[in-house]
Amino acid sequence: MTPGAIAVLSISMSTDAFAAAVGRGASHRPALGQALRAGLVFGVIEAITPIIGWSLGLIAAGLIQQIDHLIAFALLAVVGAHMIKEGLSKPDAAGEGAPSRRSGLLALVATAVGTSIDAAAVGVGLAFIGANIWVIAASIGFTTFVLTTTGMLIGKAVGVRFGKTAELLGGVALIGIGLLILAEHLGWI
């Protein structure tokens with residue numbers, strides 16, 4: 001993958017964590033230390049999950065080498081479409097989609113794991129195309145740290161809607177990366 005594609009992938013993988021951080025920031029009004037702690041938790045977990053997915057993908061890569069680019073495209077497209085759907089959804093009156101009121105470390109870790117599942121799926125796809133997972137995971141982790149910390153700090157000022165827009169754009173970017181992988185492997189570009 002090119003450095004530009006890695007940057008886009010990193011930002012895309014970080015947008016759901018950013019959206020969650022904006023929501024948490026809007027409801028908890030965190031101090032800088034709390035925002036940095038949240039950024040660290042999200043960043044570490046977001047860096048680990050694509051490595052887990054990549055490892056699982058390596059196990060299966062030899063079995064499905066002929067269609068690996070289609071699988072990578074499908075995984076990215078599904079994750080991207082889900083992010084677009086979430087970005088377009090509105091919180092309902094019952095509070096679904098609203099920021100959680102729990103603020104402990106366990107709730108923070110649970111939220112970070114929940115927002116990083118898509119990174120594991122993307123990691124599977126990255127194994128199929130032979131991407132350097134260590135560079136990509138480090139980039140995703142660092143980007144998530146920065147965006148989560150920032151999201152926590154600006155959450156109160158901008159509210160949940162800005163996080164939804166970031167998630168929508170991240171989904172579009174993931175589908176674009178999937179199309180690029182598909183086009184490269186089919187010889188279209």
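## Exercises on a helical chain

Threonine 15, with a relative accessibility of 6%, counts as buried. That residue returns in Exercise 2. Please keep in mind as you work that this is a predicted model.

### Exercise 1: The overall plan

**Task.** Work out how many helices and strands the chain has, and what share of its residues is buried.

**Solution.**
- Step 1. Count the elements: the chain has six helices and zero strands.
- Step 2. Follow them along the sequence, and the pattern reads α-α-α-α-α-α.
- Step 3. Turn to burial: of the 189 residues in the chain, 44% are buried.
- Step 4. Look at how contacts span the sequence. Among contacts in the chain with a separation of 6 or more, 96% are between residues 24 or more positions apart.

### Exercise 2: Two threonines

**Task.** For threonine 15, find the helix that holds it and the backbone oxygen that lies 2.9 Å from a polar atom of its side chain. Then decide whether threonine 143 is buried or exposed.

**Solution.**
- Step 1. Locate threonine 15: it is part of helix H1.
- Step 2. Check its accessibility. Because the value is 6%, threonine 15 is classed as buried.
- Step 3. Look for its polar partner: a polar atom of the threonine 15 side chain is 2.9 Å from the backbone oxygen of serine 12.
- Step 4. Move to threonine 143, which sits in helix H5. Its relative accessibility is 16%, so threonine 143 counts as buried.
- Step 5. Find the polar partner here: the backbone oxygen of serine 139 is 2.7 Å from a polar atom of the threonine 143 side chain.
- Step 6. Set aside neighbours within four places in sequence, and threonine 143 is in contact with Ser10, Ile11 and Ser14.

### Exercise 3: Three glycines

**Task.** Sort glycine 33, glycine 53 and glycine 141 into buried, partly exposed or exposed.

**Solution.**
- Step 1. Recall the cut-offs: buried is under 20% relative accessible area, exposed is over 50%, and partly exposed lies in between.
- Step 2. Take glycine 33, in helix H2, which covers residues 32-61. Its relative accessible area is 48%, so glycine 33 is partly exposed.
- Step 3. Take glycine 53, also found in helix H2. With a relative accessible area of 2%, glycine 53 is buried.
- Step 4. Take glycine 141, in helix H5. A relative accessibility of 8% makes glycine 141 buried.

**Task.** Now find which residues these glycines meet in space: what is the C-alpha distance from glycine 33 to threonine 149, and which residues are in contact with glycine 53 and with glycine 141?

**Solution.**
- Step 1. Glycine 33 and threonine 149 are separated by 116 residues in sequence, with 9.4 Å between their C-alpha atoms.
- Step 2. From glycine 53 to alanine 119 there are 66 residues along the chain, and their C-alpha atoms are 7.6 Å apart. Beyond neighbours within four places in sequence, Ala120, Gly123 and Val124 are in contact with glycine 53.
- Step 3. Glycine 141 and serine 10 are 131 residues apart along the chain, with their C-alpha atoms 7.9 Å from each other. With neighbours within four places left out, glycine 141 is in contact with Gly43 and Ala47.

### Exercise 4: The nonpolar cores

**Task.** Find how many residues the largest nonpolar core has and which elements give two or more residues to it.

**Solution.**
- Step 1. Count the members: the largest nonpolar core has 19 residues. Those with the most contacts inside it are Leu9, Met13, Leu76, Val122, Leu126, Ile136 and Leu174.
- Step 2. Trace the contributors: two or more residues come from each of helix H1 (3-28), helix H3 (68-88), helix H4 (105-128), helix H5 (133-158) and helix H6 (160-185).
- Step 3. Zoom in on valine 122: leaving out neighbours within four places in sequence, its contacts include Leu9, Met13 and Leu76.
- Step 4. Look for a further core: apart from the largest one lies another of 11 residues, including Ala17, Ala20, Ile45 and Leu108.

### Exercise 5: An enclosed space

**Task.** How many cavities of 30 Å³ or more does a search of the whole structure find, and which residues line the largest cavity?

**Solution.**
- Step 1. The search finds one such cavity.
- Step 2. The largest cavity holds about 30 Å³ of space.
- Step 3. Its lining consists of Ala72, Leu76, Val122, Gly125, Leu126, Ile129 and Ile181. H3 and H4 are the elements that give two or more residues to this lining, and H4 gives the most, with three.
- Step 4. Sorted by character, the lining has six nonpolar residues, one polar and no charged.

Key: Residues numbered from 1 in each chain as written. Predicted model: local features only at pLDDT ≥ 70, side-chain atom pairs only at ≥ 80, totals over all residues. Heavy atoms only, no water. Core = buried A, V, L, I, M, F, W, Y, C linked by side-chain atoms within 4.5 Å. Buried < 20%, exposed > 50% of the residue type's maximum accessible area, 1.4 Å probe, protein only. Helix = DSSP H or I, 4+ residues; strand = E, 2+ residues; numbered from the N terminus. Contact = heavy atoms within 4.5 Å. Polar contact = N/O pair within 3.5 Å; in protein donor to acceptor, adjacent residues only side chain to side chain. 1 Å grid on protein atoms, 1.4 Å probe; cavity = no way out; pocket = protein on both sides within 12 Å on 5 of 7 lines; lining within 4 Å. Points joined across faces, edges and corners; volume = space filled by probe spheres on them. Nonpolar A, V, L, I, M, F, W, Y, C, P; charged D, E, K, R; others polar.
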